[in-house]
Amino acid sequence: MTQLPFSSRHIGTDAAAQSHMLEAVGYSSVAELMAAAVPRAIQFDRSLADSLVPPAATEREAVAELRALAAQNRVSTSYLGLGYYDTITPAVIKRNVLENPSWYTAYTPYQPEISQGRLEALINFQTMVADLTGLATANASMLDESTAAVEGMLLARRASKSTSRRFIVDADAFPQTKALLRSRAEAVGIEIVEMVLDAVDHPAHPAADAFGVFIQYPGASGRVWNPADVIEIVHQAGGIAVVGADLLALALITSPGELGADVAIGTTQRFGVPMGFGGPHAGYMSVRAGLERQLPGRLVGVSVDAAGHPAYRLSLQAREQHIRREKATSNICTAQVLLAVMAGMYAVYHGPDGLRAIASEVNRAARSLAARLAAAGYEIVHGDYFDTLQVRVPGRARGLAEHAHSQGILLRVDDDDTIGIAVDETTGDAELLQLAIVFDAVTAPPIATTDARAASEANLERARRASAAAEEITEVAPSLPEHLVRTSDFLTHPVFNTHRSETSMMRYLKRLADYDYALDRGMIPLGSCTMKLNAASEMEAVTWREFAGIHPFAPKSDVGGYLELIGQLERWLADVTGYDSVSLQPNAGSQGELAGLLAIRGYHRSRGDVDRTVCLIPSSAHGTNAASAVLAGMKVVVVACDELGNVDLDDLRAKIDQHAAGLAALMITYPSTHGVYEHEVTEICRLVHEAGGQVYVDGANLNALLGFARFGDFGGDVSHLNLHKTFCIPHGGGGPGVGPVAAKAHLAPFLPGHMFAQDAGHLLIDGSRVEHAGGPISAAPYGSPSILPISWAYVRMMGLEGLADATASAVLAANYIAARLAPHFPVLYTGENGLVAHECILDLRAITAASGVSVDDVAKRLVDYGFHAPTMSFPVPGTLMVEPTESEDLAEIDRFVEAMIRIKQEIDSVAAGEWPADDNPLRNAPHTAQSVIEGEWAHPYDRERAVYPVHLLVRGKYWPPVRRIDQAYGDRNLVCACPPPEAFE
Amino acid sequence: MTDQSELRYTSEHEWVLVEGTVATIGITAYAAAQLGDIVYLDLPAAGTQIAGGSVVGEIESTKSVGELFAPVDGTVVEKNAAVEDAPELVNSDPLGAGWLLKVEFTELPELLSLAEYNALIGE
């Protein structure tokens, strides 16, 4: 049987459904609809012959091609360390979380009543981090370790009492973290002073004149030392101490909190999350009491629901960038939820004793290796270490590392005379013997062969022989200083001490998944979030060892398949957006924005335009734009929008005149955040260019444009894309994200570079090469490569034609919903022909004024009808923004339309006085099973209406586990760790 | 409840009650309603020198984080510890128990009357 084209699996509506929908919208064909919706001036004439995107492959073909790419990678055993370690993902977590759509297709838990499962998983993560680091409160989560260090530095500047602009950085910090700190500090006027930190006690220490310090603990060299004195000096000057700590080491050594640290940051990668050539992994940050409100990113807290039961929710939302804009604590929005869930579950599965045992084994491996090497005459640089050794090999470091690589082993060259070796939980006796052989520290005779694979097998055999022959190293001296041995408890909460059997663990994961509403239950019509299908075949390659098992700093010869996949995806993305070069390094849209703005900054400065620092941002822009601009060292100037939500051209001209000499950039979202194709966009771009500014087009809404218009053609100089929106990377319940930045050739040299990039050169669209030489924006050179096969597969299986079909289908679905709901709810903004783009805003303000029924009430009532709410009060307060995407079929779209119409009837009943304003099915939504069963039913509507407002729900009901959650209570009584089990009784 | 007409107002939606050389400062009922449920206040400690027009504190609600602007130059003599413990007081009684700061002021700037303030907020 012929395989159906993938696009017909990805797009939910078929020809018959689309013709029905077109009728409702009033167009005779999809082509006619798109011609009317997309302004003619920007429509791009897609010629398949010229496109770099190959014709669509079938699912089977695409997976086979990915297999071939995977085969070009070589999985060496990595001892490179520097924050990335091989780890054992418990199979129960891999199958039930990483490969389970109930977890990976959920959205950020903005609707807490239908997100209790992942909120509980995240509060486990926060508790784990807070416990291990010995600090009061942890967030959930950071994008990676190095950006977490940057956030720590920025937090220190906000919270410090010192007026110094100096930040001290440990010379023994990870090199990629130092590079990121330097690059990000420069943009915001912070002076970085790198120095060797040691136990010091004199007040003339440079740390005495700094707003903060970053300390790596244990150091990159592996050294374990006590930084308490340095922390004390920083504190005396009113500064803040940020410690980058290895969570596994903290199972054995004194926590940063106990040493006086204010902030701890790091990664949770080695808690069961594969290295994946750099990511995605969850970074972490925790703070001492008093700094909670300075935490960037997302923070899960405990509140109560309408019945007084404890319930989880995101806390301190008002501090996030979407509200505070340029005054936000950070520009981060998408976090690394799926990976944080995995790391938290690793701790749940192993418990405190299990973690201690793993850490002890890792330390024992390092000690036994040290003993063996020392016995063979090698000098071990530091006597106090956890898992990483530095070995002195005068003049031989490079040669030795090359030899090791030929044996399938990656050693770290710290300098010509020094090798670093970081062991991990996969390092067993066989691996230790292999290492010993590489260092010629065993006595078994060599086995002669020239073939690398055979050599590696032969060496294993030799290792086995050596094992039998070698002297037993029974007594291995301790390597952790006695005064730093951890004595405090951690992970004492029952959740970390219950699920030891796989059955119990599997059921716990299932129970939490069942609490949540994800795409595997129904539509998530969140405007501006593009909750489309994450196809199973796209996900296939993510867990393959050839993609998952690779260290981000592995040599180029190990990662040929990855580099080819990355190169292809870069060029496909450039091609479909009209740009010349793409960097896949940014780990989220926010980071892509920042990278794009830093590229603009770098470009202006390279031309001597150091004073071009003004960034114009329309008032309708997403708050992240302003937050990112500030972090790029720019000054935000707001441009007004007219009553239709479009950029006010007169105000734009006035602002450009006012700031002409200082104009750096305009940031504009297209289609606008109001879901409308602005007709003046070409003119807007022209005005900015004329004044010497650059145009940043925010690509968050690319799903309305792909295949019909290109940012680069109508005036964009640089854009970020969200692979987790338009290109099918699952949202993971709030991350991972990938936010590539795409730029015209003149900005390409300023795109993010990386000191460890396997290939700094990138192919431009015209075939020439350019080096991305800007500062790094992520810890790893290619960001989160292990999820790039998802987007690669999507483009490969859709082809340009399929991508355009998806766009048109998404626009049709949004216009169909707008047309069907317009008689019931006013649609706030439309373009010239009365059409919306890929989303529509339902205006509830007049309805609320007349009935008292709020946006919240409607959103929560949708849960009773079996839906995830649309986006609430963004971009306009008092409205709902609906984005159906191309993946929903007509039946599901109609089910949503019907639900909204019935809800409107319920609102009318409230307005008519049939039900009191404070006791009706909307105000009391969502209804739990308990709420309709327990006690006397005293409401003016019946129980059936409460929970089965539509008969269809009787068999397929999603039951929310909690009632409406009190937002204010949780923010007034901030609790961000697992509550005791009694709380739920 | 304080008599609204005895108070003076700023365009930043604060009220000022002048008694001798001490000004008591709070936010208006309009501002409290706009902010919604107030959950946290960050107020300057007694003894802090403040300059009129500068940001001296934060008022956080579930919807937004507002800034508290000093309406006068002077020295904080007391902050309302009760509202720090129970921020909801600012919502329930903005002109009374929900006051924020008492400031020993050096000079009193031009402030709005109730009528002028009501005109500002369109009432």
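Here is a short walk through a predicted model, one selection at a time.

**Before you click.** The model as a whole scores pTM 0.95 and ipTM 0.86. Chain B has a mean pLDDT of 92, with 98% of its residues at 70 or more.

**Stop one: Lys63(B).** Select Lys63(B) and show its side chain. UniProt, in an unreviewed entry, puts the feature "modified residue: N6-lipoyllysine" right here at Lys63(B). Now colour the strands of chain B: Lys63(B) sits in the loop between strand 6 (55-61) and strand 7 (65-69). Is Lys63(B) buried, exposed or partly exposed? Lys63(B) has 19 C-beta neighbours inside 10 Å, and being buried takes 20 or more, so Lys63(B) counts as partly exposed.

**Stop two: what Lys63(B) touches.** Set aside the neighbours within four places in sequence, then select Leu35(B), Gly36(B) and, over in chain A, Ala318(A): Lys63(B) is in contact with these three.

**Stop three: the largest nonpolar core.** Jump to Met153(A), Val242(A), Val341(A) and Met342(A). Among the 328 residues of the largest nonpolar core, these four touch the most other members. Then highlight residues 788-821 of chain A, which form helix 25; this helix gives the core its largest share, 23 residues.

**Stop four: around Met342(A).** Zoom in on Met342(A). Leaving out residues up to four places away in sequence, Met342(A) touches Ile93(A), Val97(A), Leu98(A), Gly272(A) and Val273(A).

**Last stop: another core.** Apart from the largest core lies another one, of 29 residues, including Ile50(B), Val72(B), Val90(B) and Leu35(B). You have met Leu35(B) before, as a contact of Lys63(B).

Definitions and conventions: Residues are numbered from 1 along each chain as its sequence is written. Chains are lettered from A and ligands numbered from 1 in the order in which they are written. This is a predicted model: local features need pLDDT of at least 70, side-chain atom pairs count only at pLDDT 80 or more; totals for chains, interfaces and linings use all residues. UniProt positions are given in the numbering used here, feature names are shortened, and annotations may be inferred rather than shown by experiment. Helices (H or I, at least four residues) and strands (E, at least two) are DSSP runs, numbered from the N terminus. A residue is buried if 20 or more other C-beta atoms lie within 10 Å of its own, exposed if 12 or fewer, and partly exposed in between; C-beta atoms are placed from the backbone. Two residues are in contact if their C-beta atoms, placed from the backbone, lie within 7 Å. pLDDT is the predictor's confidence in each residue, from 0 to 100. A nonpolar core is a set of buried Ala, Val, Leu, Ile, Met, Phe, Trp, Tyr and Cys residues joined through C-beta atoms within 7 Å.
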